[in-house]
Amino acid sequence: MTEREPLRIILLGAPGVGKGTQAKRLCEAFAIPHISTGDILRQHVQQQTELGKQAESLMTEGQLVPDDLILALVEERVKEPDTAHGFLFDGFPRTVPQALGLDAILDRFEARLDAIVALNVKDNILLSRLAARRSCPECGSVYNLVVHPPQSMDVCDHCGHHGLVRRDDDKPDTVKERLEVYYHHTRPLISYYLPTGRLHEIDADGPVADVFDAIMAALPGQA
Ligand code: AP5
């Protein structure tokens with residue numbers, strides 16, 4: 001069997017656009033690690049590490065964690081041996097300085113990005129998706145009370161945990177703040193990555209399986 005080239009993907013998009021949902025499927029399809037800076041930060045908050053203590057209030061308010069902390073965390077993560085065949089970044093980079101920092105990290109590893117996938121959905125749909133999102137505090141499985149409810153109310157299909165929770169930052173005022181932060185700091189990454197010729201903008205307002213197919217068709221060597 002021939003070894004395939006590493007695949008390094010960024011998933012960009014507003015809160016609730018479906019990055020985590022698609023990341024899970026893509027990482028299974030390509031057997032690459034899912035690197036979600038949001039998930040890593042939530043683990044730090046839960047464990048009350050130094051980073052977690054610094055990040056907690058910013059996350060609850062819908063603000064970004066400082067770029068230098070994020071870049072240090074990402075550089076440590078990409079040194080792990082499981083990234084040998086690539087990785088998928090979900091929610092990183094989120095600012096132009098983070099994208100510049102990522103370029104420097106990749107240069108040090110003599111690696112390059114293969115695809116930047118930007119998911120797009122109208123704001124009113126983002127708001128309704130986040131209002132209906134619930135997750136399992138035990139295994140991290142994500143549900144949507146409208147389109148993807150658990151089989152048994154409030155019980156995780158995957159691990160059987162009772163008591164699905166709403167994320168602290170999914171409260172309406174915080175979601176509004178997160179959206180503003182997205183348009184101000186993260187959306188400019190579209191212009192940053194456009195000249196690379198590896199940016200793919202995908203309409204993510206459709207069933208999860210259709211969005212997945214559209215991403216797969218856009219990825220290099222998959223059409
Ligand atoms: P993070 O955890 O990255 O949150 P986010 O980017 O705001 O994204 P979400 O996790 O809210 O949404 P998603 O796009 O993954 O959607 P999902 O698939 O769950 O970051 C949280 C915080 O951490 C930030 O605010 C910041 O403070 C900090 N942070 C993280 N990274 C940082 C960085 N790099 N720099 C600085 N700070 C950072 O889907 C949402 C819902 O919709 C679910 O219920 C799902 O079931 C449903 N759904 C998904 N797809 C579909 C579909 N196609 N149709 C219908 N429903 C769907």
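User: How do β2 and β3 pair, and over how many bridges?
Analyst: Strand β2 (residues 34–36) is paired with β3 in the parallel sense, through 3 bridges. Within that pairing, His-34 stands opposite Leu-88 of β3. Please note that this is a predicted model.

User: Which other strand is joined to β3?
Analyst: Strand β1 is joined to β3 by 5 bridges, and these two strands run parallel. Ile-10 has Phe-89 as its bridge partner in β3.

User: Is β3 mostly covered or mostly open?
Analyst: Strand β3 (residues 86–90) is mostly covered, with 5 of its 5 residues buried.

User: And which residues lie on each face?
Analyst: Gly-86, Leu-88 and Asp-90 are on one side, while Phe-87 and Phe-89 are on the other; all of these are buried, so that both faces of β3 are covered. In general, side chains in a regular strand alternate between the two faces of the sheet.

User: Moving just ahead of β3, where is Thr-83?
Analyst: Thr-83 is in the loop between α4 (67–78) and β3.

User: Buried or exposed?
Analyst: Thr-83 is buried, because its relative accessible area is 10%, and the cut-off for buried is under 20%.

User: What does the Thr-83 side chain reach?
Analyst: The side chain of Thr-83 reaches the backbone oxygen of Val-78 at 2.9 Å. A polar atom of the same side chain also lies 2.9 Å from the backbone oxygen of Glu-80. Leaving out residues up to four places away in sequence, Thr-83 touches Pro-33, Ile-35, Arg-77 and Val-78.

User: Back to the strands: what does β1 pair with besides β3?
Analyst: Strand β1 (residues 7–12) is also joined to β4, by 4 bridges, and the two run parallel. There Ile-10 stands opposite Ile-116. Ile-10 thus has a partner in β4 as well as one in β3, namely Phe-89.

User: Which strand is β4 joined to by 5 bridges?
Analyst: That is strand β7 (residues 199–203), which runs parallel to β4. In β7, His-200 is the bridge partner of Val-117.

User: Why is β4 described as largely enclosed?
Analyst: Of the 6 residues of strand β4 (residues 115–120), 5 are buried, so the strand is largely enclosed by the rest of the structure.

User: Now the ligand. Which residues come nearest?
Analyst: Thr-21, Gln-63, Arg-94, Arg-133 and Arg-178 come nearest, out of 35 residues around the ligand.

User: Which side chains have N or O atoms 2.7 Å from it?
Analyst: Thr-37 has a side-chain N or O atom 2.7 Å from a nitrogen atom of the ligand. For Arg-94, a side-chain N or O atom is 2.7 Å from an oxygen atom of the ligand. In addition, a side-chain N or O atom of Arg-167 is 2.9 Å from a ligand oxygen atom.

User: How much of the ligand does the protein bury?
Analyst: The protein buries 95% of the 1000 Å² that the ligand exposes when taken alone.

User: Which elements give two or more residues to the shell?
Analyst: Those elements are α1 (19–30), α2 (37–47), α6 (123–131) and β6 (142–144). Helix α2 gives the most, with 4 residues. By class, the shell has 16 nonpolar, 11 polar and 8 charged residues.

User: Staying with α2, what does Leu-41 contact?
Analyst: Leu-41, which is found in helix α2, is in contact with Leu-51, Ala-55, Met-59, Val-65, Ile-70 and Leu-73, leaving aside its neighbours within four places in sequence. Leu-41 is buried, with a relative accessible area of 6%.

How values were computed
Residues numbered from 1 in each chain as written. Predicted model: local features only at pLDDT ≥ 70, side-chain atom pairs only at ≥ 80, totals over all residues. Heavy atoms only, no water. Buried < 20%, exposed > 50% of the residue type's maximum accessible area, 1.4 Å probe, protein only. Pairing = 2+ DSSP bridges. Near = heavy atom within 4 Å. Polar contact = N/O pair within 3.5 Å; in protein donor to acceptor, adjacent residues only side chain to side chain. Areas by Shrake-Rupley, 256 points an atom, 1.4 Å probe, with all protein chains shown as cover. Nonpolar A, V, L, I, M, F, W, Y, C, P; charged D, E, K, R; others polar. Contact = heavy atoms within 4.5 Å.
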